[in-house]
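Me: I am new to this structure and would like a close look at one part of it. Could you walk me through that part and what surrounds it, in plain words?

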Amino acid sequence: KKLTKKLDFVQKAQIPFATAKSLTKTGFNVAADTKNPKALRQSADRRFDPKATPFTKRGFRFTKATKKNQKTVIYIMPEQEKYMQFMIQGGTRFPDRNKIMVPTGQIRLNQFGNITKNTIEKIRADRKKFFFGTPKGQPEEPNAIWERYGRSKSHPSGRRIRPLALLTDSAKYKPIFPFKAIVKNVVFSRKGGFADEFRKTLKEAIRSAK
């Protein structure tokens, strides 16, 4: 009201358009901007170890506002939301079907700290070299993906073994990604926030209405 108090009737008619456009631009600044260090994608890179995957960053989305629907929603796509909710809120994660794989230091990971699909396919295809479960005669060992390598006189198989990834029914997470605070920080920032975008958009709209 303070900003639009001195506008005439024609100029005030531009407010719904300016509001919708500003909301949409702010939504982009929060969820899709790849350069803003305060926004979701850059924040995920900083907070995830070693950094967020492209798939995770593509999961941040926003809806566009219109003159009739003056609202922009910042959200996470369903596939990414399945695991991102534990990064945001913490808690215990239970897999839908398969067990959760927790890599050990014995398996190669990609640049994002994950086991690649190609590696998993190789493991599943070569059951002579790899096996799943607990080693025979060693019930104290964990349930894991194991690799047979080298020679061992003490092991029943005659080969040495090492765990590549532990298999577990659940995994506990601590909250590391303050989604709400990140969104709020951008929305109310002096540059690129809603107030900043509204001032610029309204000025353009008034100029075009003259």
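Me: The part I mean is helix α3: what do the buried residues of α3 pack against?

Reply: The buried residues of α3 pack against two strands, β1 (60-62) and β2 (74-76), and against the helices α2, α4 (54-58) and α7. Please keep in mind that you are looking at a predicted model. The residues of α3 that are buried are Leu40, Arg41, Ser43, Ala44 and Asp45.

Leu40 is a good place to start. Leaving aside residues up to four places away in sequence, Leu40 touches Val30, Ala31, Phe60, Ile74, Phe177, Phe179, Ile182 and Val183. Leu40 also belongs to the largest nonpolar core, which has 16 residues. Within this core, the members that touch the most other members are Leu40, Phe48, Phe60, Met84, Phe177 and Phe179. Two or more residues of the core come from each of α2, α3 (40-47), α5 (78-89) and α7 (179-187). The biggest share is that of α7, which gives 4 residues. As a general rule, nonpolar side chains in soluble globular proteins tend to be buried together. There is also a second, separate core of 9 residues, with Ile107, Ile120, Ala165 and Leu167 among them.

Now let us follow α3 to its neighbour α7. The axes of α3 and α7 are 10 Å apart, and the two helices pack at an angle of about 135°. An angle over 145 degrees would count as roughly antiparallel, so α3 and α7 are oblique to each other. Their crossing is right-handed. On the α3 side, the contact is made by Leu40, Ser43 and Arg47, and on the α7 side by Phe179, Ile182 and Val183. Sorted by class, this contact has 4 nonpolar residues, 1 polar and 1 charged.

Another of the elements packed against the buried residues of α3 is α2, and α2 has a helix partner of its own to look at. Helix α2 (residues 15-31) packs with helix α8 (residues 194-209) at an angle of about 140°, with 8 Å between their axes. That makes α2 oblique to α8, and the crossing of these two helices is right-handed. From α2, the contact draws on Ile15, Phe17, Ala18, Thr19, Lys21, Ser22, Leu23, Lys25, Thr26 and Asn29. From α8, Phe194, Glu197, Phe198, Thr201, Leu202, Glu204 and Ala205 take part. These residues divide into 8 nonpolar, 5 polar and 4 charged.

One residue of α2 deserves a stop here, namely Thr19. With a relative accessible area of 14%, Thr19 is buried, because buried means under 20%. Setting aside residues up to four places away in sequence, Thr19 touches Gln70, Phe194 and Phe198. Both Phe194 and Phe198 are among the α8 residues in the contact with α2.

For a contrast in setting, you can finish in a loop. Asn114 lies between β4 (100-103) and α6 (117-125), and at 35% relative accessibility Asn114 counts as partly exposed. Beyond residues up to four places away in sequence, Asn114 touches Thr53 and Leu109. From C-alpha to C-alpha, Asn114 and Val102 are 9.3 Å apart in space, while 12 residues separate them in sequence.

How values were computed: Residues numbered from 1 in each chain as written. Predicted model: local features only at pLDDT ≥ 70, side-chain atom pairs only at ≥ 80, totals over all residues. Heavy atoms only, no water. Axes fitted to C-alpha atoms, helices over the stretch in contact; angles between N-to-C directions. Parallel < 35°, antiparallel > 145°, perpendicular 65-115°, else oblique. Left-handed = near helix turned anticlockwise from the far one by under 90°. Contact = heavy atoms within 4.5 Å. Nonpolar A, V, L, I, M, F, W, Y, C, P; charged D, E, K, R; others polar. Buried < 20%, exposed > 50% of the residue type's maximum accessible area, 1.4 Å probe, protein only. Core = buried A, V, L, I, M, F, W, Y, C linked by side-chain atoms within 4.5 Å.
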